[in-house]
Amino acid sequence: MALTLYVDTARWRAHHKHVQDSFPGLVPVCKGNGYGFGHERLAEEATRLGSDILATGTTYEAAKLKDWFGGDLLVLTPFRRGEEPVPLPDRVIRSVSSVDGVYGLVGARVVIEVMSSMKRHGVSEAELSQLHAAIENVRLEGFALHLPLDRTDGSDAVEEVIGWMDRLRAARLPLHTMFVSHLKADELARLQQQFPQTRFRARIGTRLWLGDHEATEYRGAVLDVTRVSKGDRFGYRQQKAASDGYLVVVAGGTSHGVGLEAPKALHGVMPRAKGVARAGLATVNRNLSPFVWAGKQRWFAEPPHMQVSILFVPADAPEPTVGDELVAHLRHTTTQFDRLVDN
């Protein structure tokens, strides 16, 4: 019995096609854990879409993906001198975010990242004049601009791209291709209309693979159910049951990513209040699990184990039985399933 990812395959692929149609020149992204689906599966889906290029996070990921995807591979992590060399085919394109990095990639295919308002990495405006000599010894595939998700200052994403297009043009650098991230379809269309001689290619991962939340569902199988009475001791730490109910052992533990959560940026009073409340409950060993039974998200009876979790279901709820599957609200990018089932 397993933690299973169920995929409504027809619906999932229909969403892929919708995104592809909305973003001409789409560059699918496959990095990390493959957005919960795995690298091999996403390479197959990118091939099904007819993609000529697939973006990946690191050179190590590219070394694996080269055996599953036959087109170009764009490594998103910028090249740095002194990095461990990884044997890669010529169809791999390296991102680079410094003038020195360009000089370090003689003969290679490169995409040059420029510094956006993300302020993460990229060539600055002041350094553009130095690129003329640097790009003579590389095969320039284009420039790239990685944009922020939120714009709390009210700034406009399109205007930021236009600003960089003007700077690159003023520096007399080639503008045949611009790779962009985190633009809306209408924003991309505006840019393509304003700069018809440049091909804009949107690098998209989350919106492509995870944009239709109803197309996928995690479920954990019930492995055991034990009735307990108030005061009974249980588990590794021999805690006492707070009331009558059931201890439900369900597939899915820390090795699957259950109980692991990435930090979230909270906006507004209510989300912050809920965060404080959750933190307060955690101090008294009350942690809400991602598993749902009888319409309610159930509490962990104790911290999740490596491959299973133990939940507490109160006596006033229906008793689960071995073999039942509990829906689990899990984050795809931090979850590793036991099996994937296409429906």
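**View 1. Helix 7 against strands 8 and 9.** In this predicted model, helix 7, which covers residues 185–194, lies across strand 8 and strand 9, and the helix runs at about 160 degrees to strand 9. The two strands beneath this heading, strand 8 (residues 177–181) and strand 9 (residues 199–204), run parallel and are joined by 4 bridges. Within this pairing, phenylalanine 179 stands opposite arginine 201, a residue of strand 9.

**View 2. The open sheet.** Strands 8 and 9 belong to an open sheet of 8 strands, whose order is 2-9-8-7-6-5-4-3 and whose pairing is parallel. At the edges of the sheet are strand 2 (27–28) and strand 3, each of which pairs on one side only. As background for reading this view, strands of a sheet pair through backbone hydrogen bonds, and they may do so in either a parallel or an antiparallel way.

**View 3. Strands 3, 4 and 5.** Strand 3, made of residues 53–56, pairs with strand 4, made of residues 72–75, in the parallel sense over 4 bridges, and here leucine 54 stands opposite leucine 73 of strand 4. Between these two strands the chain passes through helix 3 (residues 59–65), giving a β-α-β crossover that is right-handed. Strand 4 is also joined by 3 bridges to strand 5 (residues 92–96), and these two strands run parallel. Leucine 73 appears in this pairing as well, with valine 92 in strand 5 as its bridge partner.

**View 4. The largest nonpolar core.** The largest nonpolar core holds 88 residues, and those that touch the most other members are Phe37, Ile112, Leu131, Phe143, Leu168 and Phe200. Helix 6, spanning residues 157–170, gives the most to this core, contributing 7 residues. Apart from this core lies another one, of 9 residues, which include Val228, Phe234, Leu247 and Phe312.

**View 5. The surroundings of isoleucine 112.** When residues up to four places away in sequence are not counted, isoleucine 112 touches Val96, Val102, Val123, Leu131, Ile135, Leu140, Gly142, Phe143 and Ala144. Two of these neighbours, Leu131 and Phe143, are themselves listed with Ile112 among the residues of the largest nonpolar core that touch the most other members.

**View 6. The annotated span.** An unreviewed UniProt entry places the feature "domain: Alanine racemase N-terminal" at residues 8–153. In the model, the end C-alpha atoms of residues 8–153 lie 39 Å apart, and the span is 27% helix and 19% strand.

How values were computed: Residues numbered from 1 in each chain as written. Predicted model: local features only at pLDDT ≥ 70, side-chain atom pairs only at ≥ 80, totals over all residues. Heavy atoms only, no water. Pairing = 2+ DSSP bridges. Right-handed = clockwise from strand over helix to strand, strands pointing away. Core = buried A, V, L, I, M, F, W, Y, C linked by side-chain atoms within 4.5 Å. Buried < 20%, exposed > 50% of the residue type's maximum accessible area, 1.4 Å probe, protein only. Contact = heavy atoms within 4.5 Å. UniProt positions renumbered as here; feature names shortened; annotations may be inferred. Axes fitted to C-alpha atoms, helices over the stretch in contact; angles between N-to-C directions.
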